[in-house]
Amino acid sequence: KALFSQLPAQRRPTIDNVFAIDHTLSVEECAKEYAKRLPAPDTFDMILLGMGPDGHTASLFPGHKLLKEKDLFIAPISDSPKPPPERGTFTLPAINSARLVAFIDGGSEKAERLTAILQA
C-alpha cells in the first residue's frame with residue numbers, strides 16, 4: 001500500500017490487480033491456489049522483484065532445479081537454501097512473460113553480486 005500510494009491516483013492498481021498469497025495453506029497448495037487466481041501469465045503488466053546477496057530472486061536460487069522449470073508459472077519450493085525453507089515462487093516463464101520486470105534493491109552486501117550480473 002505504501003508503494004502504490006506514491007503513484008498518481010489514476011495510475012494506482014485496483015485491488016483486483018494485486019494478488020496476495022494465502023499463507024495459511026501448505027506450500028504446495030498455496031502455489032496451486034495462487035496460480036488459479038492469477039490472470040493469464042502474459043497479461044502481467046509488471047513484476048516487482050528484489051535480489052538476495054547470493055543473487056537469488058523470486059526464490060529462484062543459483063543452481064536450484066526450479067531454474068529449469070518450463071511448465072509451471074508458480075511453483076512450490078520446499079528446500080530453500082535460505083529461511084524459510086518452504087515458499088512459493090514465480091518461475092522464469094512467469095517472470096519472462098511480464099511486460100515489465102523491475103528490481104528494487106539496496107544494501108552494500110549485494111553490490112559485488114549485482115556488479116557481476118550487470119557486467120555479464
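Leu 100 sits in strand β4, residues 100-103. Let's start from there and work through some exercises. This is a predicted model, where local features need pLDDT of at least 70, side-chain atom pairs count only at pLDDT 80 or more, and totals for chains, interfaces and linings use all residues. Residues are numbered from 1 along each chain as its sequence is written, and side-chain values use heavy atoms, leaving out hydrogens and water.

**Exercise 1.** Find out whether Leu 100 is buried, partly exposed or exposed, and list the residues of its nonpolar surface patch.

*Solution.*
- Step 1: get the cut-offs. Buried means under 20% relative accessible area, exposed means over 50%, and partly exposed is in between (1.4 Å probe, protein chains only).
- Step 2: look up the value. Leu 100 has a relative accessible area of 44%, so it's partly exposed.
- Step 3: list the patch. Leu 3, Met 46, Leu 48, Leu 100 and Ile 104 make a nonpolar surface patch of about 460 Å². Patch residues have over 30% relative accessible area and no salt bridge, with like charges joined within 9 Å and nonpolar side chains (Val, Leu, Ile, Met, Phe, Trp, Tyr) within 5 Å. A salt bridge is a side-chain nitrogen of Lys or Arg within 4 Å of a carboxyl oxygen of Asp or Glu.

**Exercise 2.** Work out which element gives the most to the largest nonpolar core.

*Solution.*
- Step 1: define the core. It's a set of buried Ala, Val, Leu, Ile, Met, Phe, Trp, Tyr and Cys residues joined through side-chain atoms within 4.5 Å.
- Step 2: find the core. The largest one has 17 residues, and Ile 74 is among those with the most contacts inside it.
- Step 3: check the elements. α2 (27-37), β1 (46-49), β2 (74-77) and α3 (92-97) give two or more residues each. Helices (H or I, at least four residues) and strands (E, at least two) are DSSP runs, numbered from the N terminus.
- Step 4: pick the winner. β2 gives the most, with 3 residues.

**Exercise 3.** Describe where Leu 72 lies and what it contacts.

*Solution.*
- Step 1: place it. Leu 72 is in the loop between β1 and β2.
- Step 2: find its contacts (heavy atoms within 4.5 Å). Leaving aside neighbours within four places in sequence, Leu 72 contacts Thr 91 and Pro 93.
- Step 3: check its exposure. Leu 72 is partly exposed, at 41% relative accessible area.

**Exercise 4.** Describe the peptide bond from Pro 83 to Pro 84.

*Solution.*
- Step 1: read omega. It's near -5 degrees, and the bond is cis.
- Step 2: place Pro 84. It lies in the loop between β2 and β3 (87-90).

Note on methods: Accessible areas come from the Shrake-Rupley method with a 1.4 Å probe; for residues, only the protein chains shown count as cover.
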